[in-house]
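Biologist: I would like to understand how the labels attached to a model are decided. Could you take me through the reasoning behind them, one label at a time?

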Amino acid sequence: MPSAPKKKSRTKKTGRPACSVAEKDLKYFWHPCSQMKDYEIFPPLEIEKARGAYLYSPGGRNTIDAISSWWCKSLGHAHPRIAKAVKRQISKFEHVISANTCNSVLSELSERLASLMPGLDKLFYADNGSTAIEIAMKMSLQYHAQTGNSQKTKFASLSNGYHGETLLTLSAGDCGIYSSKFSPLLINVEKLSPIPYVSGIEDPLWKKIPDNQWLPVKEQLEKMRETLCAVLLEPIVQGAGGMKIYSQDFLRRISSWTKKNNVHLIADEIMTGFGRTGRFFACEHAAVTPDYLCMSKGLSAGWAPFAAVLCTRKIYEAFYDDYSTGKAFLHSNTFCGYAIGAAAALENLKIMEEEQIPAQVAARSCEIRKVLDEIRSETSALSKSRGIGFVAAAEIVNPKDGSSFEPSKRTGFNFYRQAVVNGALLRPLGDTVYLMPPLNCPPKIIDKLKAIALKSLKETLNL
Ligand SMILES: Cc1ncc(COP(=O)(O)O)c(C=O)c1O
C-alpha cells in the first residue's frame, strides 16, 4: 500500500522540522468531500503546476488528471488561448457588479450561448452549478405563480440523481451519502423510477424502451400533474450517482410529457454539457429542448467558478412588467456575470467550435471505453462497463465470482491510492471506477492511463 509522508527535513535557520506543504495544509484546510482522517494514511497530492492532462508535483513527478479535476477541465489545464483571453480581461477589469452595468465580454458570450440551442435564448448567470439549479427551480416556481398556476409548487427528479450541495439541490438529488444527514432541512422532491439504464448507445434500450419501463414513471408524473412545477434531471448520464447512462428514449418521453402538461423540464447539463457525451449538450441525443438548461464546469473550461441558466423567452416574458407588479426575478449573487469567467467561457466556445470538440469526442469515444473493457477482460475484476463520449465507468468486483466487495473494505479508495502512486488521479465513486479525462486528451496519454489503471487494480486486489 502507498506509504505515509516522508520524514520532515529541518530548516537551516531554526533547526526545527520544516513544515511540508501537506502538513501545513492539513493543519488548516478542511478538504471537500473527504474524511480528513484518511489524509493521515494518504496525504493530499501536492500540485505545483498543471498543463494539459497532467498535474505536476515538486521534483517533476507527473500525474494524469483522469477525472478532469471534478469534471470541469474540459480542455485540460492552462490552455494557452484561454490563458491569453483571461489575461486580456484582467488588463481591463476583473469584475464589476452586473446589475445595472454591461460589458462586451458578457454580451458576446450571451449572444453565443443563446445560439446553442434553438428555443433557449435568455441567460441568467451564476457562480456555481448548485446555484444555477436553484435559480432554475426558483424561476420555475415564480413563473407558475405569475401565470395563474400558484398551485404548482412541487418538483420531481430522477432517482439516483445529483444536482449539487445546497439544501434545495440536495433535496432534488437522490444520493443519500451527501444528503441524509440533513434530512430535517430538505424539501420533499418526488423521485421517479425505474430508470432504463444502458451500457452505451449500442444498447438496444438506447433507442427505444418498452412501455412497461415507462408506464410506472408516467403514472408517478400523472399523479402530481396539477401541482407539479418542474422535473429536474441530468440528461443521459447521472454523474455522482455512479456514472450511469440511461436511454435517450426515456429522456424524450419525459420531455414530451412535461411539454403536454405545462410542467417545466430543468436539464442539469453541469457535467454533461460542452461536449462531454459527444454532443454539445446531452439533451441533443434525444432532440430535446428543455425549458431551462443549467451549465457550469465545462462552460468556462474549468477556469472560474462560473455558471449559467439558459431559458426560453416565454419564461422571461412572464417576469417582464412594470416594477410595481412585483414580477421581477430578484435573485442576486455578488459574482453573477464574473468577467474573468465570461472571458474564459467565450474563448472556450470559440475553441470548441473551431476544433469541433463534440464531434471529436463522439469519434474517439471508443478509446476511453476500450480502456475499461480491456482491463475487464484481462482481470475479470470489473463489471458493468459502460460509456458514452468521454465518460467510461465500471464496477470493481471480486474476480473470483464477480461479486461486489463489502463497502467497509474500501476497495475504491485503495485503488485510488494505488493509482496516485502509479501516476493517475482516478477518484472512484465508492467502487465505481470512471474515466473522464479532458476532451482533448491525446491517445498516448489514454494508453498510459490504461497501463496505470490496470497495474493499480492488480496491485489493489493482489492479482
Ligand atoms: C450534474 C451536477 N449538477 C450540479 C453540480 C453542482 O455543481 P457545483 O459543484 O458547481 O455546485 C454538479 C457537481 O458535480 C453536478 O455534477
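**Salt bridges and the domain interface**

Modeller: Let us begin with arginine 112 and glutamate 108, which both lie in helix 5 (residues 104-113), 4 residues apart, about one turn of the helix; helices (H or I, at least four residues) and strands (E, at least two) are DSSP runs, numbered from the N terminus. This is a predicted model, in which local features need pLDDT of at least 70 and side-chain atom pairs count only at pLDDT 80 or more, while totals for chains, interfaces and linings use all residues. Residues are numbered from 1 along each chain as its sequence is written, and side-chain values use heavy atoms, with hydrogens and water left out.

Biologist: What makes the pair of arginine 112 and glutamate 108 a salt bridge?

Modeller: The term asks for a side-chain nitrogen of Lys or Arg within 4 Å of a carboxyl oxygen of Asp or Glu. For arginine 112 and glutamate 108 the N to O distance is 3.7 Å, so the pair qualifies.

Biologist: Why is arginine 112 called partly exposed?

Modeller: Buried means under 20% relative accessible area, exposed over 50%, and partly exposed in between (1.4 Å probe, protein chains only). Arginine 112 has a relative accessible area of 24%, and therefore counts as partly exposed. Glutamate 108, at 30%, is also partly exposed.

Biologist: How do you know that arginine 369 and glutamate 202 form a salt bridge, and what does the pair tie together?

Modeller: Their closest N and O atoms are 3.3 Å apart, so the distance rule is met. Arginine 369 is buried, with a relative accessible area of 16%, whereas glutamate 202 is partly exposed at 48%. Because arginine 369 lies in helix 14 and glutamate 202 in the loop between strand 7 (197-198) and helix 9 (204-207), the pair ties together parts that are 167 residues apart in sequence.

Biologist: Where are the domains, and how are their bounds known?

Modeller: Domain 1 covers 47-78 + 357-461 and domain 2 covers 80-354, with bounds that come from an automatic or database domain assignment. Their centres, taken over C-alpha atoms, are separated by 27 Å. The contact (heavy atoms within 4.5 Å) takes 28 residues from domain 1 and 34 residues from domain 2.

Biologist: What is the area buried between domain 1 and domain 2?

Modeller: Buried area is the accessible area (1.4 Å probe) that two parts lose on being put together, summed over both. Here the value is about 2300 Å², and carbon and sulfur atoms give 65% of it. On the side of domain 1, Trp71, Pro358 and Ile388 lose the most area to domain 2, together 27% of what that side buries. Across this interface the rule finds 1 salt bridge.

Biologist: What makes aspartate 211 and arginine 253 a salt bridge?

Modeller: The closest N and O atoms of aspartate 211 and arginine 253 are 3.1 Å apart, so this pair also satisfies the rule. Since aspartate 211 lies in helix 10 (residues 211-224) and arginine 253 in helix 11 (residues 248-260), the pair ties together parts that are 42 residues apart in sequence. Aspartate 211 is partly exposed at 46%, while arginine 253, at 11%, is buried. Both belong to a network of salt bridges that links Asp211, Asp249, Arg252 and Arg253.

Biologist: How many salt bridges does the structure hold?

Modeller: The structure holds 18 salt bridges.
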